[in-house]
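Work through the exercises below with the model open. Each task is followed by a stepwise solution.

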Amino acid sequence: MSIACPPTIAQLASQLENASPQEVLNWAVSQFGPGLTLACSFGAEDVVLLDLLAKADRKPEVFVLDTGRLHEETYNVMERCRIRYGIEFEVYSPDTHRLQELLRSKGPNPFYQSIENRKECCGIRKVEPLRRALQGKLAWITGQRRDQSITRLVLPKVELDADHGGIAKINPLADWNETQVWDYIRANDVPYNALHDKGFPSIGCAPCTRAIEPGEDIRAGRWWWESPEHKECGLHTRKP
């Protein structure tokens, strides 16, 4: 069963607006059962959700998009979380033939040349694997927050994901700020990516992520050669 129409989603979003992340996850587990999955990239928000979901579900389903260009620190925290929570992560990698063709025709780093090239790379390494990860699912959980970027200012806690068959998309941390995320990590001794201690507030693929300077926007280190309104990889699209 999937949520059928936008009005239902809007009503749910209103009802959950003041709910805590744990309450949102408890509701999602009850509502969708094994049809629920968490997208985990092992950034600060995602490890918080991993810890919360493990408290709500004894056998949570969690998937990882391994783009082939992740930092070593990301794999390290993935292993720490695997041991800590006893979870076997479902890992999705890019289609071999599409990736080989991209490398043959445009080289290993075409994303620096144009937004179109960057979106093509993200499409192959992230968007298409995500479609496979969500096949047959009723809902998925993300670590998006409203204060992360201008593209997420009106993010609801639950929304309709029209790009993936009209399933539900759950954003339990939508109204949290960065301080709340880190307060939870420290209070609960949650494993986190060592890159955060090196000035990386947002972590993606290694060639497209860098540390930021004090006072810079938290997304300034992602695709830093592009303007803020373009800084999405295609995993999270939202109609204006």
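**Exercise 1. Is C205 buried or exposed, going by its relative accessibility?**

Step 1. The model is a predicted one. Read the value for C205: 11% relative accessibility.
Step 2. Apply the cut-off: buried means under 20% relative accessible area.
Step 3. C205 therefore counts as buried.
Step 4. Repeat for C122. Its relative accessible area is 7%, so C122 is buried.

**Exercise 2. Find how many disulfides the structure holds, and check C205.**

Step 1. The cut-off for a disulfide is two cysteine sulfur atoms within 2.5 Å.
Step 2. From C205, the nearest cysteine sulfur belongs to C208, 5.9 Å away.
Step 3. C205 is in no disulfide.
Step 4. The count for the structure is 0.

**Exercise 3. Give the strand order of the open sheet and work out which strands stand at the edges.**

Step 1. The sheet has 6 strands, ordered β3-β2-β1-β4-β6-β5. The pairing is mixed.
Step 2. Look at the ends of that order. β3 (90-92) and β5 (158-161) each have a single partner strand, so each has one side without a neighbour in the sheet.
Step 3. Add the twist. Ignoring direction, neighbouring strands are turned by 30 degrees against each other on average.

**Exercise 4. Describe how β5 joins β6, then place helix α3 on the sheet.**

Step 1. β5 and β6 (residues 167-170) run antiparallel, joined by 4 bridges.
Step 2. Across this pairing, D161 stands opposite I167 in β6.
Step 3. Helix α3 (residues 44-56) packs on the sheet. α3 touches β1 (36-39), β2 (62-65) and β4 (139-141).
Step 4. Compare directions: that of α3 makes about 150 degrees with that of β1.

How values were computed. Residues are numbered from 1 along each chain as its sequence is written. This is a predicted model: local features need pLDDT of at least 70, side-chain atom pairs count only at pLDDT 80 or more; totals for chains, interfaces and linings use all residues. Side-chain values use heavy atoms; hydrogens and water are left out. Two strands pair if DSSP finds at least two bridges between them. Helices (H or I, at least four residues) and strands (E, at least two) are DSSP runs, numbered from the N terminus. Axes are lines fitted to C-alpha atoms, for helices over the stretch in contact, and angles run from 0 to 180 degrees between N-to-C directions. Contact means heavy atoms within 4.5 Å. Buried means under 20% relative accessible area, exposed over 50%, partly exposed in between (1.4 Å probe, protein chains only).
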